[in-house]
Amino acid sequence: MAPTTLKRRSVVGSTARLENLSTLVLDVNLTVIRHVPWQRAVTMMVHGSVNMLASYTTDDDGVMRELMVRSPSRSHPLPFIVSLVQYVHDPYADFLTARNAKASTRAILARDNHRCGYCGDRATTRDHIQPRSRGGLDTWENLIAACVACNNVKADRTPDEAGMPLLFEPSTYDGFDSTLQEQVWQFLMEQSGAVPSGALDGLGEDAEKAA
Ligand SMILES: [Zn+2]
C-alpha cells in the first residue's frame with residue numbers, strides 16, 4: 001500500500017528522478033482516482049482531457065519555478081495534479097474504492113484497459129511479469145494484462161529472457177485513501193484560495209504568486 005502522504009511537489013530536476021514522477025488524476029469532482037506516469041498525464045493535457053491544477057516546481061537558486069518538460073514542438077509544465085474535464089467511467093477506479101482490493105484478473109484488465117502489455121492487442125488474462133515459479137508475487141506491480149498468445153509464449157520467463165519488453169509499466173495500486181483525499185483538497189485550497197473547479201493550465205504558479 002502506498003504511503004498516505006501527498007508527495008512533495010518540489011523536486012530536483014535531474015533526469016533520473018524525473019522519470020519516476022507520477023501525476024495524481026482527480027475526477028471532475030476533484031475526487032482522487034489514481035496516479036499515472038507524468039508522461040501519460042502530459043498526453044492527456046495535450047489532448048484536452050484534463051486540466052492541470054498544480055505543477056511540480058523546482059528550486060532554482062532559491063526561486064521556485066515550474067518544472068518544464070520539453071517535446072520537440074513545445075514545452076509543458078510537469079503536472080503534479082490534474083483533473084478530468086468530463087466524467088469518464090473508469091473501471092479501475094471502482095477497484096480503488098473497494099477496501100483491500102485484490103489484483104484479480106478483472107481488476108488488472110480494468111487497470112490496463114484490456115490492453116496486452118506485450119503486444120498491445122486485446123488482453124483477457126493477467127501475466128506475472130516475474131513468473132510465480134521464480135518468486136513473482138500476486139501484486140499490482142508484478143501483474144500486467146496479457147493476451148492469451150503472449151501469455152503462452154512468455155511462459156515461465158522474465159520479459160528480458162523472453163525478449164518481450166513491456167509496452168507500459170504496470171501502475172501500482174494506490175488504494176482509496178481518505179487521508180490522501182483530504183490532503184489533496186487542502187493542498188488545492190491553500191494554493192488557489194478556493195477549490196478550483198474551473199481551474200485551467202498554469203493556475204498552480206500564478207495562484208501562488210497572487211496569494
Ligand atoms: Zn499480446
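What is the mean pLDDT of the protein, and what share of its residues reach 70 or more? The model is a predicted one; its mean pLDDT is 77, and 74% of the residues get to 70 or more. The legends below start with the whole chain and then go in for close-ups.

**Figure 1. The whole protein, with eight helices and 10 strands.** There are 211 residues here, and 45% of them count as buried. Take the contacts between residues at least 6 apart in sequence: 64% of these join residues at least 24 apart. The accessible surface adds up to about 11600 Å², and carbon and sulfur atoms own 52% of that.

**Figure 2. The start of the chain, where pLDDT is under 50 over residues 1-5.** For residues 1-5 the model has 10 contacts beyond four places in sequence. Residues 7-14 also have pLDDT below 50, and that stretch has 26 contacts in the model beyond near neighbours in sequence. A word of caution for this view: where pLDDT is low, predicted coordinates should not be read in detail.

**Figure 3. The zinc ion and its cysteine donors.** The protein donors are the SG atoms of Cys-116, Cys-119, Cys-147 and Cys-150, lying 2.3 Å from the zinc ion. Angles among the four donor atoms run from 102 to 117°, and the site is tetrahedral. That label fits because four donors count as tetrahedral if all angles lie between 85 and 135 degrees. Along the sequence, the donor residues follow the spacing C-x2-C-x27-C-x2-C. As for disulfides, the count for the model is zero.

**Figure 4. Burial around the zinc ion: Cys-116, Cys-119 and Cys-147.** Are these donors buried or partly exposed? Cys-116 has 0% relative accessibility, so it counts as buried. Cys-147, at 9%, is buried too, because buried means under 20% relative accessible area. Cys-119 has a relative accessible area of 36%, which makes this donor partly exposed.

**Figure 5. Leu-30, a residue with a positive phi in the loop between β1 and β2.** Most residues other than glycine have a negative phi. Leu-30 is not a glycine, yet its phi is about 65°. The loop that holds Leu-30 runs between β1 (22-26) and β2 (32-37). Leu-30 has a relative accessible area of 4%, so it is buried. One of the residues in touch with Leu-30 is Ser-83, which comes back in Figure 7.

**Figure 6. Ala-155, with a positive phi in the loop between α5 and α6.** Ala-155 is no glycine either, and its phi is about 50°. Look for Ala-155 in the loop between α5 (148-154) and α6 (159-162). At 39% relative accessibility, Ala-155 counts as partly exposed.

**Figure 7. Ser-83 and its contacts from strand β8.** Strand β8 covers residues 79-84, and Ser-83 is found in it. With a relative accessible area of 6%, Ser-83 is buried. Which residues does Ser-83 touch, not counting those up to four places away in sequence? They are Leu-26, Asp-27, Leu-30, Ser-49, Val-50, Asn-51 and Leu-53.

**Figure 8. Met-45 in helix α2.** Met-45 has 13% relative accessibility and therefore counts as buried. Setting aside neighbours within four places in sequence, Met-45 is in contact with Val-50, Met-52, Pro-77, Pro-79 and Val-82. For one of these partners, Pro-79, the C-alpha atom is 8.9 Å from that of Met-45, with the two residues 34 apart along the chain.

**Figure 9. Gly-48, in the loop between α2 and β3.** This loop joins the scene between α2 (38-46) and β3 (50-55). Gly-48 is partly exposed, with a relative accessible area of 43%. The C-alpha atoms of Gly-48 and Leu-84 are separated by 9.0 Å, while the residues are 36 apart along the chain.

**Figure 10. Asn-20, in the loop between α1 and β1.** Helix α1 spans residues 15-18, and Asn-20 lies in the loop between α1 and β1. Is Asn-20 buried or exposed? With a relative accessible area of 65%, Asn-20 is exposed. The C-alpha atoms of Asn-20 and Trp-38 are 8.4 Å apart, and 18 residues separate the pair along the chain.

Conventions: Residues numbered from 1 in each chain as written. Predicted model: local features only at pLDDT ≥ 70, side-chain atom pairs only at ≥ 80, totals over all residues. Heavy atoms only, no water. Donors = N, O, S within 2.8 Å, 3.2 Å for Na, K, Ca; no water. Tetrahedral: all angles 85-135°; square planar, octahedral: opposite > 155°, others 65-115°. Buried < 20%, exposed > 50% of the residue type's maximum accessible area, 1.4 Å probe, protein only. Helix = DSSP H or I, 4+ residues; strand = E, 2+ residues; numbered from the N terminus. Contact = heavy atoms within 4.5 Å. Areas by Shrake-Rupley, 256 points an atom, 1.4 Å probe, with all protein chains shown as cover. pLDDT = per-residue confidence, 0-100. Disulfide = S-S within 2.5 Å.
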